[in-house]
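Me: I'm new to looking at proteins and don't know where to start. Please walk me through this one, a feature at a time.

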Amino acid sequence: MEGTKGGGLGLALVALFLVPLLVVVIFVVGFAVAPSASGMCAVPGVVGDADTVDGSVAGFSGVQLENAAEIMGAASALKLPVSAQILGVQTAIGESTLEVKTYGDAAGPDSRGLFQQRDNGVWGSLADRMDPTISATNFFTALQRVQGWEALEPSTAIHRVQRNDNPNHYTQFRAPATQVVKALAGGDIEGIDSSGACPAASNEVIGELSGKWVNPLPGSTVTSGYGPRSAPGGTAGGVLADFHYGLDLSTTTAPVGGVVVAATDMKITIAREHDGQFGNRVNGKTLDGKLTLGYYHMANGSLKVKVGDTVAAGTPLGNEGQEGNVTGTHLHLEFFTGTPNEPSIPTNPTVDPESILRGKGAL
C-alpha cells in the first residue's frame with residue numbers, strides 16, 4: 001500500500017514518449033515480464049475454496065486465503081475467466097496483502113479494504129469497500145470497462161483501474177497470485193504455469209514450413225548491433241545499460257514502419273500488445289527447440305499472429321514501430337538459447353542475432 005493510490009478507476013491511456021533516434025530497449029533487472037492479462041486463460045473461473053488448502057500458499061494463509069476465495073467467487077459470479085481471477089488476487093496482494101485494511105496510506109488516506117478503494121463515490125459505501133465480495137465485484141466491474149483488458153500486460157490492466165503511482169507495482173505479485181488461485185481451485189484448472197501463462201488454444205499452421213531463413217525486416221538496415229554499448233538517452237537502462245542484448249533493424253523514421261516477418265519457421269509462444277517496456281511483441285520458438293526469437297516495439301494494433309500458431313519463414317508478424325521503453329522506429333530482435341518459458345534479460349542467455357542471420361544468408 002505504501003505510496004499507492006489504489007482504487008482510482010483510471011482508464012486513461014498511457015502516454016508514449018517518442019524521440020527520433022534509432023535505439024533499443026534496455027531492460028531493467030528484477031523480474032520477468034508476465035504474460036498478458038488473459039493469455040489463453042479463457043476457461044470459466046471456478047469458485048475458490050480455502051478449506052482445500054492445508055497450511056499456507058505463497059506465504060498466505062487463513063483469512064487471507066478466505067479473502068482470495070471471495071475474490072475468485074466474485075469473478076465467477078460475473079462469468080469471468082480464470083485470467084480475471086488471477087488479476088483480482090494479484091491486485092489485492094499488491095494493495096492489502098489479502099487483508100481487509102481499515103486504513104489507507106499517505107497517498108490515499110481514505111482508501112479501505114482488500115482493494116484500497118477510495119471514498120470518492122465510485123466504490124460504494126464504507127461497508128461495500130470493506131466487504132470482500134462487494135469490493136471485488138466492483139473491481140471486476142471496473143476492469144470490464146477497460147478496453148482490451150484481456151490482452152494487456154497484467155500490471156498495466158490493473159493500473160488502468162487502480163491508478164497506482166507506479167504502473168509496474170503489481171508485476172511482482174503475479175506469481176504468488178497464480179499460486180493462490182491454482183491452490184484454491186483445488187485442481188479444477190489445468191495447464192496454467194507459475195507465471196499465469198495458459199495453454200494455447202490455437203493450433204493453426206500459417207504458410208508452408210520449409211526450414212528456410214529470411215530477413216526479419218525486409219528492406220531494413222542494421223542500426224545497432226549486439227554487444228557492449230552505453231545506454232541511449234531516453235531509455236531506462238538500469239544495471240544493463242552497458243550491453244545491448246539484441247539487434248536493431250530499421251527501415252524508416254515514421255511511427256509505423258515496414259512489415260516484420262518470421263525469420264524462420266517457429267511456434268508462437270507470446271503475442272502481446274502494450275507489454276510494458278517491450279511494447280507490442282511476439283516471441284516464437286524454432287521448431288527444433290534450440291532458439292526463441294523475440295520481436296519487440298512493433299506498432300500498435302499491428303500484431304497478426306496469436307499464441308499457438310505455427311508460422312512459416314516470411315509470415316507477417318506485425319509492423320515496425322516505436323512502442324515501449326525505446327526511442328525511434330525500429331525492430332529490436334533478440335535470440336534466446338534453450339527453451340525459456342518467458343524470455344527476459346538476464347534470466348535467459350542470448351546470442352548475437354546478426355551472426356546467425358548472416359550465417360543463414362538472411363541479412
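**Reading the features one by one**

Me: Let's start with one residue: is D275 buried or exposed?
Reply: D275 is buried, because its relative accessible area is 0% and the cut-off for buried is under 20%. Keep in mind that this is a predicted model.

Me: Where in the chain is D275 found?
Reply: Look in the loop between β7 (266–272) and β8 (280–286). Sequence distance and distance in space are separate things to check. D275 and T156 are 119 residues apart in sequence, yet their C-alpha atoms are 7.9 Å apart.

Me: You mentioned β8. How do I read a strand?
Reply: Think of two faces: in a regular strand the side chains alternate between the two faces of the sheet. Now for the case here. On one side of β8 you have N280, V282, G284 and T286, on the other R281, N283 and K285, and all of them are buried. That's seven of seven residues.

Me: Which strands does β8 pair with, and how do they run?
Reply: β7 is joined to β8 by six bridges, and the two run antiparallel. To see one of those bridges, find I268, whose partner in β8 is G284. β9 (residues 291–298) is joined to β8 by five bridges, antiparallel again. There, K285 has T292 as its bridge partner.

Me: Does anything else sit by R281, or what does it lie over?
Reply: R281 lies over the face of F278, 4.1 Å from the ring centre.

Me: OK, next topic. What should I look for in phi angles?
Reply: The general idea is that most residues other than glycine have a negative phi. So positive values are worth a look, especially outside glycine. A58 isn't a glycine, but its phi is positive, about 55°. You'll find A58 in the segment before α1, partly exposed at 34% relative accessible area. Q116 is another non-glycine with a positive phi, near 50°. Q116 sits in the loop between α2 and α3 (126–130) and counts as buried, at 1% relative accessibility.

Me: And which glycines have a positive phi?
Reply: Two to visit. G289 takes a positive phi near 75° in the hairpin of β8 and β9, which has four residues between the strands. G186 comes after α6, with a positive phi near 60°.

Me: Since α6 came up, how do I read a helix?
Reply: Picture a spiral: an α-helix has 3.6 residues a turn, so residues three or four places apart point the same way. You can also check the length. At 1.5 Å a residue, the twelve residues of α6 should span 16 Å, and the end C-alpha atoms are indeed 16 Å apart. The buried residues of α6 are R174, P176, A177, T178, V180, V181, L184 and A185. They pack against α1, α2 and α5.

Me: Where does the nonpolar stuff go?
Reply: In soluble globular proteins, nonpolar side chains tend to be buried together. Here, the largest nonpolar core has 44 residues, and I71, V89, F140 and L184 have the most contacts inside it. The elements giving two or more residues to this core are α1 (63–77), α2 (82–96), α4 (132–144), α5 (154–162) and α6 (174–185). Another core lies apart from it, with 23 residues, including L249, M266, I268 and L303.

Me: What is F140 in contact with, leaving aside neighbours within four places in sequence?
Reply: F140 touches I71, A74, A75, L78, L80, A84 and G88.

Me: Last one: how do I describe two aromatic rings?
Reply: Use the distance of the centres and the angle of the planes. The count here is six aromatic pairs. F115 and F139 are a stacked pair, 4.9 Å centre to centre with 15° between the planes. F115 is in the loop between α2 and α3 and F139 in helix α4, so the pair ties together parts 24 residues apart in sequence. F115 is buried at 0% relative accessible area, and F139 is buried at 0% too. For a tilted example, take F243 and Y245: their centres are 4.8 Å apart and their planes at 50°. F243 is partly exposed, at 25%, and so is Y245, at 21%. Finally, ring pairs link F115, F139 and F140 into a cluster.

Methods
Residues numbered from 1 in each chain as written. Predicted model: local features only at pLDDT ≥ 70, side-chain atom pairs only at ≥ 80, totals over all residues. Heavy atoms only, no water. Core = buried A, V, L, I, M, F, W, Y, C linked by side-chain atoms within 4.5 Å. Buried < 20%, exposed > 50% of the residue type's maximum accessible area, 1.4 Å probe, protein only. Contact = heavy atoms within 4.5 Å. Pairing = 2+ DSSP bridges. Expected span 1.5 Å × (residues − 1). Phe/Tyr/Trp six-rings, centres within 6.5 Å; stacked < 30°, edge-to-face > 60°. Lys NZ or Arg CZ within 6 Å of the ring centre and 35° of its normal.
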